[in-house]
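Good morning, and thank you for making room for this on the agenda. I would like to walk you through a structure that is new to most of us, so please take a moment to look at it before I begin.

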There are 2 protein chains.
Amino acid sequence: VRDERAPGDRHLADPTGASDAGVSHLALGPGAEFDLVRALAGRWGSVARGLGDDCAVLDVPAGERVVVSTDTTVEGVHFRPAWLTPREIGYRAAMGAWSDLAAAAATPIGALLALSIPQQWVASMPDLADGIGEAGRLVGAPVVGGDTTAGTTLVITMTVLGTAAHPLTRAGAQPGDRVYVTGTLGGPWAAIRAWERSETPDGSSRARFARPEARLREARWLAARGISAAIDISDGLVGDLGHIAAASSVRVVIDLDCVPRWPGVAAVDAGASGEEYELALTSPVAIDSVAFAREFALPLTQIGNVVAGPPTVDVLVDGHRVDPIPGYDHLSR
Amino acid sequence: VRDERAPGDRHLADPTGASDAGVSHLALGPGAEFDLVRALAGRWGSVARGLGDDCAVLDVPAGERVVVSTDTTVEGVHFRPAWLTPREIGYRAAMGAWSDLAAAAATPIGALLALSIPQQWVASMPDLADGIGEAGRLVGAPVVGGDTTAGTTLVITMTVLGTAAHPLTRAGAQPGDRVYVTGTLGGPWAAIRAWERSETPDGSSRARFARPEARLREARWLAARGISAAIDISDGLVGDLGHIAAASSVRVVIDLDCVPRWPGVAAVDAGASGEEYELALTSPVAIDSVAFAREFALPLTQIGNVVAGPPTVDVLVDGHRVDPIPGYDHLSR
C-alpha cells in the first residue's frame, strides 16, 4: 500500500494505535504518513504480503494466464453507511471483487487496494481492513499492494488477480447449451427492500447482502466439467445473462419459475435482483447438480437453454414471455 | 471496463456521441448504461483491448513474473482542476501509475481503470480518456478493463500490470553502491509554486508537471547493467531514497549540489520536489552516463553513495549536512 500524503491526511496517521512491532517487515521510510499503511498491514497479518513497495510481484504457474479485474465500491452508490458495519463494507467490497474472478474460474493470487478516505471514515479504517482481510483469508489470497489518499467520499477500489490455464469468459456459450444458476436468488433484494422501507431486514436476507461469498471453488469445479461460459450476477440474473448472450452471439431462453427464490420474492424480482454474487453459466453437457450440492451445500439449477438467434434473453414466467426485465440499478431503483 | 449503474449515471450515458461502429467488438449487453464504456473504448481504439468482460486475461512470458501497482489520483488532492486540462489529468494519472512499473524495470502489459465520476465531470470524460490512451500508446500497453461509478469527487484509480524476469525493488541496495538520479529536478516544484502564487508557470516547468514520462525504457536499460535498487521519486528525491534506505537497511549519503536542477530551484527544493517521475537508483557498478544520455537524451547523475549504517538519508548541501528534508506533501505543503 502506497501512502500519498494529502490534505488532511496527517489525520490519517495511526488510527489504530497498532504497534509497529508486528509489521516491522514493512520497512517503509520514516514519517507518520505511513502509519495508516502499517496499521492496515498489522490488521491483515499474514493476509498482507510485501506491502511497502510501489509494486507487487506475483508468480504465475507455468502454462497459466493472469486474470485480473477491478471493482469500485462508493459510499452512497453501492451501499448506505447506515446499512452495514465498516467491517461488512470492507468484506463486501473485497468479496464483490473476488466474485469477478469466480466468473473466470480463476485461482486468486493477490489483491491491490486503493482507498480514498474522508476524514469521518478514518477511525473506521481498521474495522474496514478487517473485513477485507477476512475476505482474503476465505479466498486464500493476500493483499499485496495499494494506495491510500484523502477524499470527500469513501471510495474502495479492489483490483484482484488470479491465474487460470483456461479462463472462462462470457463468450463461449453455444446453441444447445444448458443454462444454470447457482444458489437461491432474491435475498439481497429482500434486504434492500426492507431498508428502503425503513424496516429491519431479517438476519438471513441481511447476511445475503452483507456477507456474499464468491463462488470461486464452485466455478473451478464447474470449469473442470466443461462449462462453456459464466458470469457473476452482481447486476441481476437477466441483465448479466444478457452479457453472455451478447458476447456469445446467442439467444438465451430462461424460465424464472425454475430459479430457486428467497421466501417472499417474486420470480421477476429474483430475475432482477442484484448484488447476488452467484454464478450464471452455460454448459454443453448436463452438470450433476446433486454432486454439486453435496460438494458445496448449494443448489445448482438448470433454468433454461441457449438457442440460435439474435443476442437476447427471453424470459418466461408462468409460461408466458415477459417484457425485458431491467438490470439491477444498485441503489438508484 | 465494467459499468455499474448508479444514482445519476443515466447522465453518464454517451457523453461523446461516439458511434458504436468502431467498438462493436465490445459486445456488451443492451442499455444506455454501457454507452460510457463504449465511448471510452471508442476513444482508445487499439489502445483498448477486450473491454466488456468483468475480467481481463493477460499472458506472462515464460520465466517472467507479474509486476503490478495501483495509483489513485483525486481531484483537489493530486491536482487542482484549474491547473490542468482534462486530457492532461488523464494522461498524468496514467503516466504516474506507469512510472511505478518503471521503478521495477518491468515491461507494461496492460492497465485497469476505475473511475468515480461526478456529474460535472461527465462531459470531460472523452478528453480524459484521450489522455489515458495517449499514455498507454507511449508505454505500449492497452487498457484491458476497469469499472465506472458515479461519485462526488473525480477519483481515478489506475492499476498497471507488467512483467519482468527479475523485477527491481527498493531492497537491493548494498554498502559501496553508488546513488544515481535520472533527469533534472524541480520543474514540477516550480510549476506548483507559480500556480500557488496565482501566477502562470512557464511552459517548460508546466510541462514537467502536466506531461511526465515514465522512465520505463531507461529502467530496463539500467537493470540490464546491473543496478541494485530503484524507486520513482514521485514523493521527492530525499523522501523516496528514504524508502530505499529502509527497505535495504543501508545509509544513503547524497550531495544535493550534484543534482541537476531546474533554473531558479534551490538544492533543498530539488531534493523535496515531488511529482517528478524520475528514477533514483543504486548500483554496485559505475553506469556510463554518457551512453545513457546518448540513448535517452536525459542526464544520469551520480549524487552519492550507499554506506553501512542505520537506514537514513544523509543530505549534504554546500558541504554541510542539512536537517531531514520533508517528503513531498502533494498539495498540502
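Before I point at any strands, one term: two strands are said to pair here if DSSP finds at least two bridges between them. Please also keep in mind that this is a predicted model.

With that term in hand, let us begin in chain A, where strand β7 (residues 178-182) has four of its five residues buried, so the strand is largely enclosed by the rest of the structure. On one hand, β7(A) pairs with strand β10 (residues 279-283) of chain A, in the antiparallel sense and over four bridges, and within that pairing A:Y180 stands opposite A:L281. On the other hand, β7(A) also pairs with strand β11 (residues 300-307) of chain A, again antiparallel, over five bridges, and there A:T182 has A:L300 as its bridge partner. As a general reminder, the strands of a sheet pair through backbone hydrogen bonds, in either a parallel or an antiparallel manner.

Now to chain B, where we can follow a whole sheet. In what order do the strands of this open sheet of chain B run? There are seven of them, arranged as β8-β10-β7-β11-β9-β12-β13, and the pairing is mixed. At the edges are β8 (229-232) and β13 (320-322) of chain B, each of which pairs on one side only. If we ignore direction, neighbouring strands of this sheet are turned against each other by 30° on average. To take one pairing from it, strand β9 (residues 251-255) and strand β11 (residues 300-307) of chain B run antiparallel and share four bridges, with B:I254 standing opposite B:G304. Helix α2(B) lies across β8 and β10 of chain B, and its direction makes an angle of about 170° with β8(B).

That helix brings me to the charged side chains. Over all chains, the structure holds 22 salt bridges, and I will pick out a few. In the first example I have chosen, B:R87 meets B:E134 at 3.1 Å, N to O. Because B:R87 belongs to helix α2 (residues 86-103) of chain B and B:E134 to helix α3 (residues 125-139) of chain B, this salt bridge ties together parts that are 47 residues apart in sequence. Are the two partners buried or partly exposed? B:R87 counts as partly exposed, at 36% relative accessibility, whereas B:E134 is buried, with a relative accessible area of 17%.

Helix α2 of chain B takes part in another such link, this time through B:E88, whose side chain meets that of B:R206 in a salt bridge at 2.7 Å, N to O. Here B:R206 sits in helix α5 (residues 203-210) of chain B, and the two residues are 118 residues apart. B:R206 is partly exposed, with a relative accessible area of 23%, while B:E88 is buried at 14%.

Helix α5 of chain B also holds B:R208, which is linked to B:E276, a residue in the loop between α8 (267-272) and β10 (279-283) of chain B that lies 68 residues away. The closest N and O atoms of this salt bridge are 3.2 Å apart, and both residues are buried. In chain A, salt bridges that share partners join A:R208, A:R215, A:E218, A:E276 and A:E278 into one network.

Let me finish with the aromatic rings, of which the structure holds twelve pairs over all chains. One of these is A:W195 with A:F209, an edge-to-face pair at 5.3 Å centre to centre, with 70° between the planes. A:W195 lies in helix α4 (residues 187-196) of chain A and A:F209 in helix α5 (residues 203-210) of chain A, so the pair ties together parts 14 residues apart in sequence. Both residues are buried, and together with A:W83 they form one aromatic cluster.

In chain B, the rings of B:W221 and B:F296 have their centres 6.0 Å apart and their planes at 85°, so this pair too is edge-to-face. B:W221 comes from helix α6 (residues 216-224) of chain B and B:F296 from helix α9 (residues 289-296) of chain B, 75 residues apart. B:W221 is buried, with a relative accessible area of 12%, and B:R225 lies over its face, at 3.7 Å from the ring centre.

Definitions and conventions: Residues numbered from 1 in each chain as written. Chains lettered and ligands numbered in written order. Predicted model: local features only at pLDDT ≥ 70, side-chain atom pairs only at ≥ 80, totals over all residues. Heavy atoms only, no water. Salt bridge = Lys/Arg side-chain N within 4 Å of Asp/Glu carboxyl O. Buried < 20%, exposed > 50% of the residue type's maximum accessible area, 1.4 Å probe, protein only. Axes fitted to C-alpha atoms, helices over the stretch in contact; angles between N-to-C directions. Contact = heavy atoms within 4.5 Å. Phe/Tyr/Trp six-rings, centres within 6.5 Å; stacked < 30°, edge-to-face > 60°. Lys NZ or Arg CZ within 6 Å of the ring centre and 35° of its normal.
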